[in-house]
Amino acid sequence: MAERRYSDDEIAEIFRAATEGAESRAVPAEHAEGVTLADLQSIANEVGISPVAVARAAQALDHPQRAVVPERFLGFPLAVERTVALDRALTDLEWERLVSRLRQVFRASGSVRAQGSIREWSNGNLHALLEPTATGYQLRMGTLKGGAAQSAAAGAVALTVMAGTAITAALQGTLSHAAPAIASLTAIGAFLFANGTVRLPFWARRRREQMEGIAEWIAAMMRGEG
């Protein structure tokens, strides 16, 4: 059996849980390849993190829980929302056209659910909800970048641990011996922090543009222009 490998998001969650002693609440990763548990434990051992804690955090990835994601992290947007007020309910045909448009714009098939007059299209953290209001109906669109905060936080933790380890090694005169581990942890921390923050403004702007396009399209459709 091939040895289990961990992706960037999983590495972030393992180091966060191992250093904080918290139960893992990972978001499923998008990349299939990465480093092995032995690699992670080797790095952790050299910088003073318990390999047992790393193994426990890695094992907890098999039983993920949904984390509560704030709207912003370090000033970066993690959530995008757009609500469109409608003066009437959509017909069945209009709803089907809207679902088709959502799938085309977001390039995701998603799934459709209905409960009474409420209809929903969703794909992971991305959703569009058609619901009644006191004055008519509304289409509420929203999405979350769930793994970004975990990645950035884990990167910050790794960089903090690296700094502490470097100072301790320098004081003890063992800096040259610890240099490879410090370099590895620095690279991992910097990558995870950048991966969790740098792309967020571009992601948020793109999602806002897509939702605004949907809002304009549905208004034109209801006027009989689309």
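Which side chain makes a polar contact of 2.8 Å with the side chain of Glu131? Figure 2 has the answer, but let's start with the whole thing.

**Figure 1. The whole protein, as a predicted model.** Here's the full view before we zoom in. The protein has 7 helices and 9 strands. It runs to 226 residues, and 40% of them are buried. Its accessible surface adds up to about 12,600 Å², with carbon and sulfur atoms accounting for 53% of that. If you take the contacts between residues at least 6 apart in sequence, 68% of them link residues at least 24 apart.

**Figure 2. Glu131 and its polar partners.** Back to the opening question: the side chain of Arg140 is the one that makes the 2.8 Å polar contact with the side chain of Glu131. Glu131 also has a polar contact of 2.6 Å with Gln138, again side chain to side chain. You'll find Glu131 in strand β8, which covers residues 126-132. Is Glu131 buried or exposed? With a relative accessible area of 12%, Glu131 is buried, because the cut-off for buried is under 20%. Setting aside neighbours within four places in sequence, Glu131 is in contact with Ile118, Tyr137, Gln138 and Arg140.

**Figure 3. Thr143 and the residues around it.** Thr143 sits in strand β9, residues 137-144. Its relative accessibility is 8%, so Thr143 counts as buried. What does Thr143 touch, if residues up to four places away in sequence are not counted? The list is Leu78, Ala79, Val80, Asn125, Leu126, Trp203, Arg207 and Met211.

**Figure 4. The β6-β7 hairpin.** Strand β6 (residues 111-115) and strand β7 (residues 118-123) pair in the antiparallel sense, with 5 bridges between them. Look across the pair and you'll see Ser111 opposite Ser122 of β7. The hairpin leaves 2 residues between the strands, and Gly116 in that turn has a positive phi of about 65°. Strand β6 lies largely in the open, because the number of buried residues among its 5 is 0.

**Figure 5. Arg101 and its contacts with Ile214 and Trp217.** Arg101 belongs to helix α4. At 29% relative accessible area, Arg101 is partly exposed. Leave out residues up to four places away in sequence, and Arg101 touches Ile214 and Trp217. How far apart in space are Arg101 and Ile218, C-alpha to C-alpha? They are 9.4 Å apart, while 117 residues separate them in sequence.

**Figure 6. Helix α7, end to end.** This helix takes in residues 200-222, 23 residues altogether. At 1.5 Å a residue, α7 should span 33 Å, and the C-alpha atoms at its ends are 33 Å apart, so the two values agree. Just after α7 comes Gly224, which has a positive phi of about 80°.

**Figure 7. Confidence along the chain.** This view is about how far the predictor trusts its own model. The mean pLDDT is 74, and 54% of the residues reach 70 or more. Confidence is highest in helix α4 (residues 92-106), at a mean of 94, and lowest in strand β3 (residues 72-73), at 52. Over residues 21-32 the pLDDT is below 50, and this stretch has 31 contacts in the model beyond near neighbours in sequence. Residues 62-70 also have a pLDDT below 50, with 15 contacts in the model beyond near neighbours in sequence.

Terms used: Residues are numbered from 1 along each chain as its sequence is written. Side-chain values use heavy atoms; hydrogens and water are left out. Helices (H or I, at least four residues) and strands (E, at least two) are DSSP runs, numbered from the N terminus. The expected span of a helix is 1.5 Å times one less than its number of residues. Buried means under 20% relative accessible area, exposed over 50%, partly exposed in between (1.4 Å probe, protein chains only). A polar contact is a pair of N or O atoms within 3.5 Å; within protein, one must be able to donate a hydrogen and the other to accept it, and residues adjacent in sequence count only if both atoms are side-chain atoms. Contact means heavy atoms within 4.5 Å. Accessible areas come from the Shrake-Rupley method with a 1.4 Å probe; for residues, only the protein chains shown count as cover. Two strands pair if DSSP finds at least two bridges between them. pLDDT is the predictor's confidence in each residue, from 0 to 100.
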